[in-house]
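Q: Please take a close look at the surroundings of the ligand in this model, and explain which parts of the chain make them up. I would also welcome some notes on the backbone elsewhere.

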Amino acid sequence: MNGLYLNDPGKVRFLAQHAKSNYVWTVNELKVEWVDGIGMEGGHSHPRSHTTKQGSGAGIVTKQLARLQEMGVKPRTRCFVDEIVRDASGRVRGLKVYEGYRFPKFGTGRVKYIEAKKAVILCHGGFSADVAYRMLQDPKLTDKFQTTNQPGATSELWREASRIGALEVQNDWIQCTPWNNAIEKGMGVSWSFAQYVAGEFGVWVTTKGERFVNENANRKVRADAILVEQGKGLRCIAVANLAAGAALAERRPGFVEKCVKDGLVKQSDTLEAIASAFGIDAAALKKTIETYNEGVKAGKDALGKDVSRVKPMTEGPWLAMEMSPRIHHCMGGIVTNLRCEVIDVKTLKPIPGLYAAGEATSGVHGAVRMGTNAIFDCLVFERVAGLSAVKAA
Ligand SMILES: Cc1cc2nc3c(=O)[nH]c(=O)nc-3n(C[C@H](O)[C@H](O)[C@H](O)COP(=O)(O)OP(=O)(O)OC[C@H]3O[C@@H](n4cnc5c(N)ncnc54)[C@H](O)[C@@H]3O)c2cc1C
């Protein structure tokens with residue numbers, strides 16, 4: 001439902017069927033360390049998110065790099081892929097690259113042609129940092145928006161894949177996160193407070209002191225709701241009491257305390273002080289929390305949030321931070337089949353010698369990527385792409 005039925009059902013089923021075995025693979029083969037316990041991200045119907053002990057995808061990538069080193073494989077860095085080379089028969093033969101490339105200066109480095117022994121796998125990620133291209137897809141995503149992505153999340157290979165005849169769809173479905181901290185740059189860290197404490201257990205209010213969205217709805221619903229409120233000149237604040245952070249404290253001890261110490265999340269003994277710090281209408285905020293607590297006790301939330309794990313927030317200390325949506329994920333992209341073969345725009349058949357996976361591809365997420373599903377999309381389909389490419393004739 002979150003994907004507005006734009007997802008490829010076959011891919012969604014495949015991902016669901018292979019999520020657990022890939023999780024086990026990361027533990028047994030890569031030695032990735034995951035924290036005990038699971039969280040519930042936006043759009044999820046049940047808690048099901050795992051987090052690496054390191055706290056991000058780097059907890060997987062560093063293990064992959066260590067494994068490559070053991071295998072004697074040296075990844076090429078500073079190597080810009082400029083062209084995908086397709087021969088007269090339509091087969092992809094290799095790449096034209098700039099070796100020793102100096103980001104972001106196009107044309108720097110030495111030109112080199114690399115012939116593929118078996119196949120080329122495209123996994124060039126999304127284009128959230130590419131203002132011009134993302135505005136061609138969705139004109140409202142101007143440079144006023146920050147992105148959570150690294151500066152190299154650009155569109156050159158999206159356009160190159162298109163140029164050589166790879167079919168791409170739904171490139172204009174670009175996701176904004178709802179909950180980044182207005183005083184942090186990029187992704188930051190304290191969004192976990194807004195999601196896993198105030199989102200799951202507390203409330204999100206405008207400076208009018210009123211709730212405006214189900215705090216655990218999918219990212220699109222929540223980001224759009226914040227943008228609407230901001231358009232009215234209001235600010236959107238995530239509020240919870242310290243007790244609401246118990247589930248996160250179990251998984252990540254000391255996290256909230258560190259956000260408070262670093263000045264990212266404001267802590268006060270009274271709701272009035274929180275209201276005053278963020279310019280919220282204090283009387284309305286108090287009333288909103290009373291009404292929310294009544295819903296929690298009755299097991300029925302006025303905005304439809306699942307409050308089965310929530311406890312009424314009756315006493316301080318209180319915590320709050322202001323939220324600011326950021327451009328985060330590209331749901332569309334190259335069309336692939338379940339063997340990760342890239343589909344040709346003209347023939348609608350696989351392009352020989354070309355595979356793709358990860359955020360550069362479409363199909364899994366439809367209109368809205370649910371929180372934490374991207375890494376499993378990458379792990380599951382990037383492994384399939386690798387295995388398919390090895391077997392390529
Ligand atoms: C801050 C942040 C936090 C996230 N947290 C989560 C999470 O908790 N759970 C989850 O499931 N997902 C999360 N995501 C989403 C997920 O991390 C990404 O969707 C995923 O990492 C994409 O992986 P990928 O391998 O497809 O591409 P990437 O990891 O983006 O890698 C693609 C690489 O290709 C490079 N590249 C692009 N064009 C070229 C070119 N022409 N030549 C050479 N190189 C090129 C890019 O610079 C990049 O280094 C998060 C994303 C961000 C930004």
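A: What follows describes the ligand shell, and then turns to a helix pair and to some backbone details.

The model is predicted, and the description below should be read with that in mind. The ligand is surrounded by 23 residues, and the closest of them are Val81, Glu359, Thr372, Ala374 and Ile375. Sorted by class, this shell holds nine nonpolar, eleven polar and three charged residues.

Several polar atoms of the protein can be paired with oxygen atoms of the ligand. In the case of Glu359, a polar side-chain atom lies 2.7 Å from a ligand oxygen, while for Ile375 the partner is a backbone N or O atom, which lies 2.7 Å from an oxygen atom of the ligand. The side chain of His329 also takes part, with an N or O atom that is 3.5 Å from an oxygen atom of the ligand. The ligand on its own has 1,000 Å² of accessible area, and the protein covers 68% of this area.

Seen by secondary structure, the elements that contribute two or more residues to the shell are strand E1 (79-86), strand E11 (326-330) and helix H11 (373-391). Helix H11 provides the largest share, with five residues.

One of these elements, strand E1, also serves as a landmark for the backbone, since Arg78 is found in the loop between H2 and E1. Although Arg78 is a residue other than glycine, its phi is positive, near 50 degrees. Lys31, which is likewise not a glycine, has a positive phi of about 65 degrees, and its place is the loop between helix H1 (9-28) and helix H2 (58-70).

Two cis peptide bonds can be added to this account. Phe103 and Pro104 are joined by a cis peptide bond with omega of about 0 degrees, and Pro104 sits in the loop between strand E2 (92-99) and strand E3 (110-115). The bond from Gly316 to Pro317 is cis as well, with omega near 0 degrees, and Pro317 lies in the loop between H10 and strand E10 (318-322).

Helix H10 leads to the helix pair. Two packed helices are described by the angle between their axes and the distance between the axes. The axes of helix H9 (residues 271-278) and helix H10 (residues 282-298) come within 9 Å and cross at roughly 125 degrees, and H9 and H10 are therefore oblique to each other. The crossing of H9 and H10 is right-handed.

Methods
Residues are numbered from 1 along each chain as its sequence is written. This is a predicted model: local features need pLDDT of at least 70, side-chain atom pairs count only at pLDDT 80 or more; totals for chains, interfaces and linings use all residues. Side-chain values use heavy atoms; hydrogens and water are left out. A residue is near a molecule or strand if one of its heavy atoms lies within 4 Å of it. A polar contact is a pair of N or O atoms within 3.5 Å; within protein, one must be able to donate a hydrogen and the other to accept it, and residues adjacent in sequence count only if both atoms are side-chain atoms. Accessible areas come from the Shrake-Rupley method with a 1.4 Å probe; for residues, only the protein chains shown count as cover. Helices (H or I, at least four residues) and strands (E, at least two) are DSSP runs, numbered from the N terminus. Ala, Val, Leu, Ile, Met, Phe, Trp, Tyr, Cys and Pro count as nonpolar, Asp, Glu, Lys and Arg as charged, and the others, Gly among them, as polar. Axes are lines fitted to C-alpha atoms, for helices over the stretch in contact, and angles run from 0 to 180 degrees between N-to-C directions. Angles under 35 degrees count as roughly parallel, over 145 as roughly antiparallel, 65 to 115 as roughly perpendicular and the rest as oblique. A crossing is left-handed if the near helix is turned anticlockwise from the far one by less than a right angle, and right-handed if clockwise.
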